[in-house]
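Got your viewer open? Let's take a short walk through the model, one selection at a time.

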Amino acid sequence: MKKLVSLVLALAMALLCTAAFTGCKGSEEEADYSFADGDQYEYIGGELNILNWGEYIDEELITIFEEETGVKINYAKMTSNEEMLMKLRSPDCIYDLCFPSDYIIEQLIAQDMLVELDMSKIPNAKNISEKMLGITDSFDPGNKYSLPYMWGTVGILYNTKMVDEEVDSWDILWNEKYAGKIWQYDSVRDAIAVSLLRLGYDINTRNADEVNKAKEELIKQIPLLKGCGTDNIKTSMQKNKAALAVVYSGDALEAMDKNPNLAYVVPKEGSNVWFDNVVIPKSAKNLEAAHAFINFINDANLAARNTEYIYYSTPNQGALDRLDEAYIGDEAYNPSEETLSRCSVFHDLGDFVDVFNSAWSEYKSKMGN
Amino acid sequence: MKRKVFAYPYIVWMILFIVVPMFFIFYYAVNVGGQFTLTKFWSTLTDVKNNWLVLWNSIVIALKTTAICLIIAYPIAYILSNMKKSVAGFISLLFFVPMWMNFILRTYSWYAILEYFIPGLIGKPEVSFTGTEFSVLLVLVYDFLPFMILPLYNTLSKIDKSLIEASRDLGANPVKTFFRVVLPLSVPGIVSGITMVFVPAITTFTVPFIIGNGVFTLYGSKIDEAFHQATGVVGDYAVGSTLSIILVICVLISTLIMNYFDKDKESGGQVL
């Protein structure tokens, strides 16, 4: 009996060893995570609390940064800008770094909730494309409080096997032919923007009538919807469970990579071009580590690994130079000047956001009721 | 009188976890950015076409859930109560095993079953069974069924069998015995079962969120959404807090109604 037990144990150990070795073999082919400029990071220590979107960083980067600087990173995730805003406003906010979008940054600056970045500690900021800084300048004048992390457009992801006509307009999302096969985006500004654009209005409108018309159109769309989601949309599209979806370009790229029947288009009525920038909120305790992390993610080589991993477009010119043609030539990853000219950035609406919120609340109340 | 001492920890508990949180809900309902104001409170309270409509629909869904649970659970509990204790114990354990798993995990499993597994099984992978009232109801019933079975089983198994024998001796047939003896004696179990299902069913927001694909709004989802889009400089929880107060009052009323039906507080199964 003893012999049998030891035999089984030996077998199990042998299996474990092989597994470990095959593991090593796999890692040989893994990506190159070296620093572009052979940077050296000094020991900083302490903790760094980061608040970011879900599936929005190559987690290998977190491990490397922890090893380089001895900083312990606590990484939390959010699903919407509004959720992040709520967390940042809380009196016991602990975050040192977060990644809000354009219009939220405008609001955070206006409310004096951000720390001005010390550019002398972020030498890698030189990698960021001038063209991108030109656009982010519109919501963060002089790019003093934030640096672009990722950017992209909002558009329609569709399944070419289910949709045989040409997709070039937001109108198709109201087409009854696709009832039960359409995903709307579960975010106040994005969903209302889709409806506003379709009606030919500005996405930053401060006209309550226009917002209400957009809301009425959204309510008419409810019976056609499969759902109203965020990160779950791309899985559903990948698995051919829906025909059309409002998505961010990065989610579209990931889904298209996994399902060749999917295609992405920025409709002719125009769309939203958005930026998620990295900022340091006033609640930050470890400013040294926060700046080091911003510098670290802007390393040309690491930024290239990061964008490959999460599929969102990088504003980092150094990283773009390291990517192959599959990225640069892809209209969804790297939209043309013509596409960009149709897109506009969200701006903070001030108190008018209440009109958007109550329209949204009414829209949501109509669902299933 | 000395025994009152043992109640003190409970009083402290009540103050810390019931009175203080309730105070904060009321505080935030009438407070926007540190300023006392009734505007948001009043506009939320009078927003009939949104908030009250959703509340009404949530009450209907919760009532349907409770009714279906009762219809399914009563026969199960009745059969269990007539079995040998050891067998009944084992079978009721089977009903409870799924509850050892996390609630959200169970709900996500149901999503996978309804969205991918069943359509695959019937050979129509493009079909979807999520996002409908039926699917939300199904998962709510699944999640809350054990809360109905347990109090019913407890009450039914405590009924003195000699009362049933006496009823049969006096000439009542099994049907009459059930309706005249067993059913009235099991009212406390029914009442606490209803409370235990109705209250969580009316406040749920994970089930409509996950199973409803985000296009099925229940009252819990409204509260969740109100907190997620809080605006203003310091954060504006007035809408969410007011919605919560309305819900607390609804739950209170339903509990009072239930307690009215359950005057016999001595019998088992009483929970709230």
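Helices and strands on this tour are DSSP runs, numbered from the N terminus: helices are H or I runs of at least four residues, and strands are E runs of at least two. With that settled, a word on the ground rules. This is a predicted model, where local features need pLDDT of at least 70 and side-chain atom pairs count only at pLDDT 80 or more, while totals for chains, interfaces and linings use all residues. Residues are numbered from 1 along each chain as its sequence is written, chains are lettered from A and ligands numbered from 1 in the order in which they are written, and side-chain values use heavy atoms, with hydrogens and water left out.

**Stop one: two loops in chain A**

Select A:Asp112, in the loop between helix 4 (102–110) and helix 5 (130–136) of chain A. Its phi is positive, about 55 degrees, although A:Asp112 is not a glycine.

Now jump to A:Glu55, in the loop between strand 1 (47–53) and helix 2 (59–69) of chain A. Here too a residue other than glycine has a positive phi, near 50 degrees. Is A:Glu55 buried or exposed? It sits in between: A:Glu55 is partly exposed, at 45% relative accessible area (buried is under 20%, exposed over 50%, with a 1.4 Å probe and protein chains only).

**Stop two: where chains A and B meet**

Show both chains and pick the residues in contact, meaning heavy atoms within 4.5 Å. You should get 29 residues from chain A and 32 residues from chain B. The area buried between them is about 2500 Å², and carbon and sulfur atoms give 45% of it; buried area is the accessible area (1.4 Å probe) that two parts lose on being put together, summed over both.

Next, zoom in on B:Glu115 and A:Lys226, a salt bridge whose closest N and O atoms are 2.9 Å apart. The rule finds three salt bridges across this interface, each a side-chain nitrogen of Lys or Arg within 4 Å of a carboxyl oxygen of Asp or Glu.

Colour the chain A side by element: helix 3 (81–89), strand 6 (225–229), helix 8 (232–238) and helix 15 (353–365) each give two or more residues. Helix 15 of chain A gives the most, with eight residues.

**Last stop: cysteines in chain B**

How many disulfides are there over all chains? Zero, counting cysteine sulfur atoms within 2.5 Å. Select B:Cys69, which is buried at 0% relative accessibility. Its nearest cysteine sulfur belongs to B:Cys250, 20 Å away, too far for a bond.
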